[in-house]
Amino acid sequence: MDIWSKEKRSHVMSRIRSKNTSPEIILSSLLHRLGYRFRLHVKGLPGQPDIVLPKYKKVIFVHGCFWHLHKGCRDGTIPKTQHEEWKPKLERYVERDKDHIKKLRKMVWNALVIWECEVEKRIGKVEKKIPRFLK
């Protein structure tokens, strides 16, 4: 049983964005500050990556820990309520993510996944990770 009414849950879920999330904006700002130029949400690439650096043939996906089941993260778990409904849905997202990265590799693009919790809690680590990825 959900802790909120159907109307409240609907409102909360409608506020969840797929583009221009806080972690994406923070990461975009960081990349810009580091001097990198990029495109956002390029539709011609598998998975429509959040950040695309065409000069380097590299893409960055900014994944939400819950929606993409981040292993080892407190937020990357399947809810106990309505578990049977959430489990296949979230597992499909994970499989789809793997498929997108595989397709990108076939197109000779490299992909990096940055997790929401990394941006929120370990931005210094992310700041070091990006230049290494873009070399």
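## Exposure and the overall chain

A residue counts as exposed when its relative accessible area is over 50%, as buried when that area is under 20%, and as partly exposed in between. By this cut-off R92 is exposed, because its relative accessibility is 54%. R92 is found in helix α3, and its C-alpha atom lies 20 Å from that of K43, a residue 49 positions away in sequence. The structure described here is a predicted model, and the values that follow are computed from it.

The protein chain has 5 helices and 4 strands, which run from the N terminus in the order α-α-β-β-β-α-β-α-α. Along its principal axes, the C-alpha trace spans about 50 × 30 × 25 Å. Of the 135 residues of the chain, 35% count as buried. Among contacts between residues at least 6 apart in sequence, 52% join residues that are at least 24 apart.

## The crossing of α2 and α5

Helix α2, made of residues 22–33, and helix α5, made of residues 123–134, have axes that come within 11 Å of each other and cross at roughly 55°. That angle makes α2 oblique to α5, and the crossing of the two helices is right-handed.

On the α2 side the contact is formed by I26, L27, L30 and L31, which meet I123, V126, E127, I130 and L134 in α5. The residues of this contact divide into 8 nonpolar, no polar and 1 charged.

## Salt bridges

Side chains of opposite charge can pair when their charged atoms come close. The structure holds 5 salt bridges, and three of them are described here, including two within helix α3.

In the pair formed by E95 and K98, the closest N and O atoms are 3.5 Å apart. Both E95 and K98 lie in helix α3, which covers residues 83–106, and they are separated by 3 residues, about one turn of the helix. E95 is partly exposed, because its relative accessible area of 47% falls in the range between the buried and exposed cut-offs. The side chains of D99 and K103 also meet in a salt bridge, with an N to O distance of 3.3 Å, and this pair too lies in α3, with the partners 4 residues apart, again about one turn of the helix. Both partners count as partly exposed, D99 at 33% relative accessibility and K103 at 41%.

The side chains of K129 and E118 meet in a salt bridge with an N to O distance of 2.7 Å. K129 lies in helix α5 and E118 in helix α4, residues 116–121, so this pair ties together parts that are 11 residues apart in sequence. E118 is buried, because its relative accessible area is 7%.

## W115 and its surroundings

W115 is found in strand β4, and at 16% relative accessibility W115 counts as buried. Leaving aside neighbours within four places in sequence, W115 is in contact with H63, G64, C65, H68 and H70. The C-alpha atom of W115 is also separated by 8.2 Å from that of F61, although these two residues are 54 residues apart along the chain.

## Positive phi values in two loops

Two residues other than glycine with a positive phi, L69 and V108, are found in loops that adjoin α3. For L69, phi is near 50°, and this residue is placed in the loop between β3, residues 58–63, and α3. L69 is buried, because its relative accessible area is 17%.

For V108, the positive phi is about 65°, and this residue is found in the loop between α3 and β4, residues 110–115. V108 is exposed, because its relative accessible area is 61%. In these two loop positions, then, a positive phi occurs at a residue that is buried, L69, and at a residue that is exposed, V108.

Conventions: Residues are numbered from 1 along each chain as its sequence is written. This is a predicted model: local features need pLDDT of at least 70, side-chain atom pairs count only at pLDDT 80 or more; totals for chains, interfaces and linings use all residues. Side-chain values use heavy atoms; hydrogens and water are left out. Axes are lines fitted to C-alpha atoms, for helices over the stretch in contact, and angles run from 0 to 180 degrees between N-to-C directions. Angles under 35 degrees count as roughly parallel, over 145 as roughly antiparallel, 65 to 115 as roughly perpendicular and the rest as oblique. A crossing is left-handed if the near helix is turned anticlockwise from the far one by less than a right angle, and right-handed if clockwise. Contact means heavy atoms within 4.5 Å. Ala, Val, Leu, Ile, Met, Phe, Trp, Tyr, Cys and Pro count as nonpolar, Asp, Glu, Lys and Arg as charged, and the others, Gly among them, as polar. A salt bridge is a side-chain nitrogen of Lys or Arg within 4 Å of a carboxyl oxygen of Asp or Glu. Buried means under 20% relative accessible area, exposed over 50%, partly exposed in between (1.4 Å probe, protein chains only).
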